[in-house]
Amino acid sequence: MTQAVITGTGLYTPPDAIDNAALVASFNTWVDAENARHTEAIEAGEREALAHSSEAFIVKASGIESRYVMNAAGILDPERMRPYLAERDNDAPSIQAEMGQAAAEEALTAAGIEASGIDLIIVACSNLQRPYPAVAVELQALLGAGGYAFDMNVACSSATFAIDMATNAIRAGSLERVLVVSPEICSAHLNFRDRDSHFIFGDACTAVVLEADHLAREREHFTVLGARLTTRFSNAIRNNFGFLDRLADTDPGAVDKLFVQEGRKVFKEVCPMVAELILDHLESQSLTGESVTRLWLHQANRHMNDLIAKRVLGREPSQEEAPVILDRFANTSSAGSIIALHLHRHDLAEGDIGVVCSFGAGYSAGSVILRKGNAC
């Protein structure tokens, strides 16, 4: 049977970066202004004073120290506290397509192929900037790719779900080359005035080239041994922004139209679900946690990753076994596990086993088992 192999990955990193110190300073300036504005209500016990954030709190809660964003000035402005991205003319490349083009071109170069040889492009991410035309079709045109293209959204698991779709199509023989692109502008749906989450997200775009194995035998590659997906409905992570909002005469800027989560509940419910998914998936391939050399986990929270890795490996993970990139990228939704793969795969030896795993809103989780292969 034809196997799907990953032959190239790409990463677009936005131009701006914000460290915790700058983010905290902006947030605390806004807090002080809000508390001053409502002094009488606070003193009367009618309103609680807002609490400051701190660098120590952020690192302890998440392990995040910095993040890349598409626009730092708007986020750090206490009067605005959201990115500013100017609307573009319809004839200009959209922001996400432009991000996708940069990541895709790096992945195609790494794979050693031309965009014209691509049969399918899937743009898979947690938020798309418009309903239609598909960003994937626009990206197809920008790259000069062949075949067809479509968008899909499974929140933080979008990339792994797309890799599964690509793998199945290649195994079935209907396609030979697929490009999966994940342009995540997470800063656009983050509430920078929420102390519990204002630090969580960053922006990035990743790209992955998958090919039929007979096309890639002379190149370094990772064979997809299998992918396993699961979903379980939960309101613990939610974003209510949508095209029906204007019909309800509600505030389009309301808090529930941005990212909201019940952090403790997510931690309690998602960690065991993901660890079980990976272990069951490994068992189906006659593998165990001891077989795994590298875990490229979704980069949402350092504590979640440590716990999941410990359950899968049966011991405390080393930095090499479960690399962390969220300290400098923060949570980049579906791009996170692919960034980890992109940056931490070149030292693996032929035959080494690695697992790419995503998890997030839905709940959704995806596990992709890879085996390193060298050029024949």
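**Figure 1. Helix H7, residues 158-172, in the predicted model.** Helix H7 comprises 15 residues, which at 1.5 Å a residue should span 21 Å; the C-alpha atoms at its ends are 21 Å apart, in agreement with that expectation. Of these 15 residues, 11 are buried, so the helix is largely enclosed by the rest of the structure. The buried set begins with Ser158, Ala159, Thr160, Phe161, Ala162, Ile163 and Asp164. It also includes Ala166, Thr167, Ala169 and Ile170. Gly173 follows H7 and has a positive phi, near 90°.

**Figure 2. Helix H5, residues 95-111, and the elements against which it packs.** For the 17 residues of H5, a rise of 1.5 Å a residue predicts a span of 24 Å, and the end C-alpha atoms are indeed 24 Å apart. The buried residues of H5 include Ile95, Gln96, Ala97, Met99, Gly100 and Gln101. Ala103, Ala104, Ala107, Leu108 and Ala111 are buried as well. An α-helix has 3.6 residues a turn, so residues three or four places apart point the same way. The buried residues of H5 pack against two strands, S1 (4-12) and S6 (177-185), as well as against helix H6 (135-143) and strand S7 (203-212). After H5 comes Gly112, with a positive phi near 75°.

**Figure 3. The cis peptide bond between Tyr132 and Pro133.** Most residues other than glycine have a negative phi, and most peptide bonds are trans. The bond from Tyr132 to Pro133 is cis, with omega near -5°. Pro133 is located in the loop between strand S4 (120-124) and H6. The buried residues of H5 pack against this helix, H6 (135-143).

**Figure 4. The cis peptide bond between Gly362 and Tyr363.** Gly362 and Tyr363 are joined by a cis peptide bond whose omega is about -5°. Tyr363 belongs to the loop that lies between strand S12 (353-360) and strand S13 (364-373).

**Figure 5. Met81, a residue other than glycine with a positive phi.** The phi of Met81 is near 60°. Met81 occupies the loop between helix H4 (72-76) and H5. Its relative accessible area is 5%, and Met81 is therefore buried, the cut-off being under 20%.

**Figure 6. Ser333, in the loop between helices H10 and H11.** Ser333 is not a glycine, yet its phi is positive, at about 55°. The flanking helices are H10 (326-329) and H11 (335-343). With a relative accessibility of 2%, Ser333 counts as buried.

**Figure 7. The whole protein, as context for the close-up views.** The protein contains 11 helices and 13 strands. Its radius of gyration is 21 Å, close to the 21 Å that the globule rule gives for 376 residues, so the protein is as compact as a globular protein of that length. Along the principal axes, the C-alpha atoms fill a box of roughly 75 × 55 × 35 Å. Buried residues account for 53% of the 376 residues. Among contacts between residues at least 6 apart in sequence, 78% join residues at least 24 apart. The protein exposes about 16,500 Å², of which carbon and sulfur atoms supply 49%. There are 31 positive and 50 negative side chains, and the centres of these two sets lie 4 Å apart.

Technical notes: Residues numbered from 1 in each chain as written. Predicted model: local features only at pLDDT ≥ 70, side-chain atom pairs only at ≥ 80, totals over all residues. Heavy atoms only, no water. Helix = DSSP H or I, 4+ residues; strand = E, 2+ residues; numbered from the N terminus. Expected span 1.5 Å × (residues − 1). Buried < 20%, exposed > 50% of the residue type's maximum accessible area, 1.4 Å probe, protein only. Contact = heavy atoms within 4.5 Å. Rg over C-alpha atoms; globule rule 2.2 N^0.38 Å. Areas by Shrake-Rupley, 256 points an atom, 1.4 Å probe, with all protein chains shown as cover. Lys, Arg positive; Asp, Glu negative; His and termini not counted. Charge placed at Lys NZ, Arg CZ, Asp CG, Glu CD.
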